[in-house]
Amino acid sequence: METKYEKNNGFGYLLRVVSCIFAITLLTGCAFSRTPVKVNFSPLVENQLKTAHTNWLEIRMIKDSRPVTDEFVLIQKANQYGPTSGAYITEVPVTKIFQTGLQSALAQNGFTGSNQAQYKLDVDLRGFGFGVIQNGLFNATGKPWMEIRFELVDSTTGQPVWHDIYTGHS
């Protein structure tokens, strides 16, 4: 015959096991799923250039060199052990979202036109991430960042005339 202590001890053990399984599922379960997100990348041009342009620019290529295998992945999910198989995914490829925003900003400043483009712009999206800044014990602010390499190529010679790497964050 079981004593009252043995009955409670067995129930306590079962309760601890169920609690641990629930906690593990809660803490890591979402890190392995694919979550759709809507991204609207529309750069704000506060001060448009006032001078008239005689040279036009065309975006030739946008390459995605980020360490992801799926072009729809915005950012990999992570848990305390690092990146997981889960990800935040977009409806269209990330490079297409960036290209649409970049074309809009270039058009607002008069860099695109109907004439033959004298320069072509190659873009390499090298990194996109999300950092967290802790503001006290329970407050945190998310800070997305991206790293992009631009290269401007002369259309007539095919030679690069300028390149630079930009890291931006909000």
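1. Let me start with the E5 and E6 pairing in this predicted model. Strand E5 (119-134) and strand E6 (140-154) run antiparallel to one another and are joined over 15 bridges. If you would like a place to look, find phenylalanine 130, which stands opposite proline 144 in E6.

2. E6 also has a partner in E7 (160-169): the two are antiparallel and share nine bridges. Within this pairing, leucine 152 has tryptophan 162 of E7 as its bridge partner. The two strands make a hairpin, with five residues between them. Do have a look at glycine 158 in the turn, where phi is positive, at about 75 degrees.

3. Stepping back to the whole sheet, which order do its strands take? The order is E2-E5-E6-E7, four strands in an open sheet with mixed pairing. Strand E2 (57-64) and E7 are the edge strands; each has a single partner, so one side of each is left without a neighbour in the sheet. On average, neighbouring strands here are turned by 20 degrees against each other, direction ignored.

4. Next, the helix on this sheet. H2, which spans 94-108, lies across E2, E5 and E6. Its angle to E2 is about 155 degrees.

5. A pleasant detail links E6 and E7 through their side chains. The count of aromatic pairs comes to one, formed by phenylalanine 150 and tyrosine 166. The geometry is edge-to-face, with 5.8 Å centre to centre and 65 degrees between the planes. Because phenylalanine 150 belongs to strand E6 and tyrosine 166 to strand E7, the pair ties together parts that are 16 residues apart in sequence.

6. Now to the largest pocket, which holds about 1,000 Å³ of space. Its lining has 36 residues, and those closest to the centre are Phe41, Pro43, Phe98, Leu102 and Phe150. Phe150 will be familiar from the aromatic pair with tyrosine 166. Which elements supply at least two residues each of this lining? They are H2, E5, E6 and E7. As for chemistry, the lining has 27 nonpolar residues and nine polar ones, with no charged residue.

7. The second largest pocket has a volume of about 190 Å³. Of the 11 residues that line this pocket, Ile75, Gln76, Tyr88, Phe128 and Phe130 lie nearest its centre. Two or more lining residues come from each of strand E3 (73-79), strand E4 (82-89) and E5. E3 gives the most, with five residues. By type, the lining splits into nine nonpolar, one polar and one charged. Phe130 is worth a second look, as this residue also stands opposite proline 144 in E6.

8. To draw the threads together, E5 is worth following through the model: E5 pairs with E6 over 15 bridges, is one of the strands that H2 lies across, and gives residues to the lining of the largest pocket as well as to that of the second largest.

Notes
Residues numbered from 1 in each chain as written. Predicted model: local features only at pLDDT ≥ 70, side-chain atom pairs only at ≥ 80, totals over all residues. Heavy atoms only, no water. 1 Å grid on protein atoms, 1.4 Å probe; cavity = no way out; pocket = protein on both sides within 12 Å on 5 of 7 lines; lining within 4 Å. Points joined across faces, edges and corners; volume = space filled by probe spheres on them. Nonpolar A, V, L, I, M, F, W, Y, C, P; charged D, E, K, R; others polar. Pairing = 2+ DSSP bridges. Axes fitted to C-alpha atoms, helices over the stretch in contact; angles between N-to-C directions. Contact = heavy atoms within 4.5 Å. Phe/Tyr/Trp six-rings, centres within 6.5 Å; stacked < 30°, edge-to-face > 60°.
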